Amino acid sequence: MFTLSAVLFSVLGSKQAYLDPGSGSFLLQLLLAGLLGAGLILRSQWNKIKRFFNRKQSIEAPKDEDSDEV
Amino acid sequence: MKSSSHLGASFRDPSGFLFIRDGILYRQVNRVYAENYARLIDSGLYEKLVKARLLIPHIEAEEEPADPSQAFQILMPERVPFISYPYEWSFGQLKDAALATLSIQKRALKVGLSLKDSSAYNIQFWHGKPVLIDTLSFEIYREGEPWVAYRQFCQHFLAPLALMTFCDVRLGQLLRVHIDGIPLDLASKLLPGRTRWNLGLASHIHLHARAQARYAEAAVSEVRRGRAMSKQSLLGLIENLEATVRGLTWKPTGTEWAEYYNNTNYSEAAFAHKEELVAEWLAELQPKVVWDLGANTGIFSRQAASLGAYTLAFDIDPAAVERNYQQVRKDKQQNLLPLVLDLTNPSPGIGWANRERDLLTERGLADVVLALALIHHLAIANNVPFDHLADYLSGLGKWLIVEFVPKSDSQVKRLLKSRADIFTEYDRATFEQAFSKRYIIQKSSQARTSERWLYLMEKR
């Protein structure tokens, strides 16, 4: 199953990516990747810590991303 | 085979295209895109986005394809009342469109899909909010892949927003010259040095521009060298872009017209009478579509909108348009769209064959055109003769509500203060004569306690 979808993805991928992503843009994302991923983990850990301390005062519902207003 | 015409902007993406048949808009989904389309529907993302008014709804139509050799499915999308372009949006509109794009991308990633493009032209204003109109923008997300539309997002949204924030709001107009967004090297060159201390702009604009220059000739596989970008990192990138966009702000102060109503010498009684006349005439005409030219912050546009007309409020001043848009968002107004437009140089047809982005008048017409406190600006400040004005305005819609401001008015005096008065024929009689060639003057009335006149005219 995995092989099948891998083949499918590689076929679809090449056909669907009609936009030139730009080599420099790709590389920059890969360079930022570690930093941004780590940032996200740090932020979620920090939120967990904040929630842990906040819980003592009030129980706050976590923000639901689906409900965010644009 | 039934006749149909392809839309001029719909040719880049092999996933499908738009066509019009018998006046109805259809989208053909090609077979190469079938898997992605199925995932969009089956994952529930389509329904979620439509419910959040972030994606245009469609129905699957039993219609003959325009290109049967490639067709998988024909969709009938709901039509947006008026197609507008990023160079006609105010700062807040472009910012909201950017945030909508990122919000869609986050929701897509949650269900294993990703945006394969992030063109600002795929966003339109619908029910007062930005919505994605390209149903075929999604592709199945492949673990390890960076965001293919990252560059496009930075060029279409981040660069103009940063330039509008840190340099001058009028630089949004660069989007009219650069159809695929502002080149990042240009943005990097124009932005002040202090933006290098903004982590988001330092990475996504300045560093990005340098990376592009350095690896311009390199193949993607060459720079990748097998490296992958985890989903966590990709989400981190999207959230960082979101925070960067949210951090960009612009306050509409100090430009030409935003303070106009505060400075004008129109007396309260005269203004009230003008409002009364316009309201009365609009109520009689019951228009479906109103174009308010020189709308300022939209006082008269709101009159039209409150009668149920879909109203476009055009103004040259980005500050007035921004104020108008913020009011629209605050009131959750659904049928009023403020847009930036310089009437002395209206949006042309641009892009491939000049057909990718249509010129203003090809995107719709009005039932009623409002031209209030406008004619003197065009006739005197821009030297447009009355008959040229009547020609152009009569091409925009059947009815015209127009105001004539005489030379004795302080606003006209102000326009003439710094220049020689070459306008010997600028008077009410000449105005009426010129407009009578194109229109039948149905009603006219002097605004109480003022020298200004209002006319209701019907196109001949």
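Here are legends for five close-up views of this predicted model.

**View 1. Chain A meets chain B.** Start where the two chains come together: 34 residues of chain A and 58 residues of chain B make up the contact. Between them, chain A and chain B bury about 4,100 Å², and carbon and sulfur atoms account for 63% of that area. If you look for salt bridges between chain A and chain B, the count is 0. Polar contacts do turn up here, with 8 residue pairs between chain A and chain B, both partners being at pLDDT 80 or more.

**View 2. The side of chain A that touches chain B.** Stay with the contact, now from the point of view of chain A. Two helices of chain A, H1 (2–16) and H2 (23–54), each provide at least two residues of the side that touches chain B. Of the elements in chain A, H2(A) gives the most to this side, contributing 17 residues. Sorted by residue class, the side of chain A that touches chain B has 18 nonpolar, 9 polar and 7 charged residues.

**View 3. The largest pocket and its lining.** This close-up takes you to a pocket with a volume of about 1,200 Å³, the largest in the model. Its lining counts 48 residues, and those nearest the pocket centre are Ala9(B), Ser10(B), Leu18(B), Ile133(B) and Arg357(B). Four elements of chain B give two or more residues each to the lining: strands S1 (5–6), S2 (16–21) and S3 (24–30), together with helix H4 (150–166). The most comes from S2(B), with 4 residues. By class, the lining of the largest pocket holds 21 nonpolar, 11 polar and 16 charged residues.

**View 4. The largest cavity.** The structure has 2 cavities of 30 Å³ or more, and the largest of the cavities, shown here, encloses about 60 Å³ of space. To find your way around its lining, look for Thr101(B), Ile104(B), Leu115(B), Asp117(B), Ser118(B), Ser119(B), Asn122(B), Ile123(B), Leu132(B) and Ser137(B). The lining of the largest cavity divides into 4 nonpolar residues, 5 polar residues and 1 charged residue.

**View 5. A salt bridge between Arg21(B) and Glu63(B).** Over all chains, the model has 21 salt bridges; this last view picks out the one that pairs Arg21(B) with Glu63(B), where the closest N and O atoms are 2.8 Å apart. Arg21(B) belongs to strand S2 of chain B, while Glu63(B) sits in the loop between strand S4 (58–61) and strand S5 (71–77) of chain B, so the pair ties together parts that are 42 residues apart in sequence.

Methods: Residues numbered from 1 in each chain as written. Chains lettered and ligands numbered in written order. Predicted model: local features only at pLDDT ≥ 70, side-chain atom pairs only at ≥ 80, totals over all residues. Heavy atoms only, no water. Contact = heavy atoms within 4.5 Å. Buried area = accessible area lost by both parts, 1.4 Å probe. Salt bridge = Lys/Arg side-chain N within 4 Å of Asp/Glu carboxyl O. Polar contact = N/O pair within 3.5 Å; in protein donor to acceptor, adjacent residues only side chain to side chain. Nonpolar A, V, L, I, M, F, W, Y, C, P; charged D, E, K, R; others polar. 1 Å grid on protein atoms, 1.4 Å probe; cavity = no way out; pocket = protein on both sides within 12 Å on 5 of 7 lines; lining within 4 Å. Points joined across faces, edges and corners; volume = space filled by probe spheres on them.
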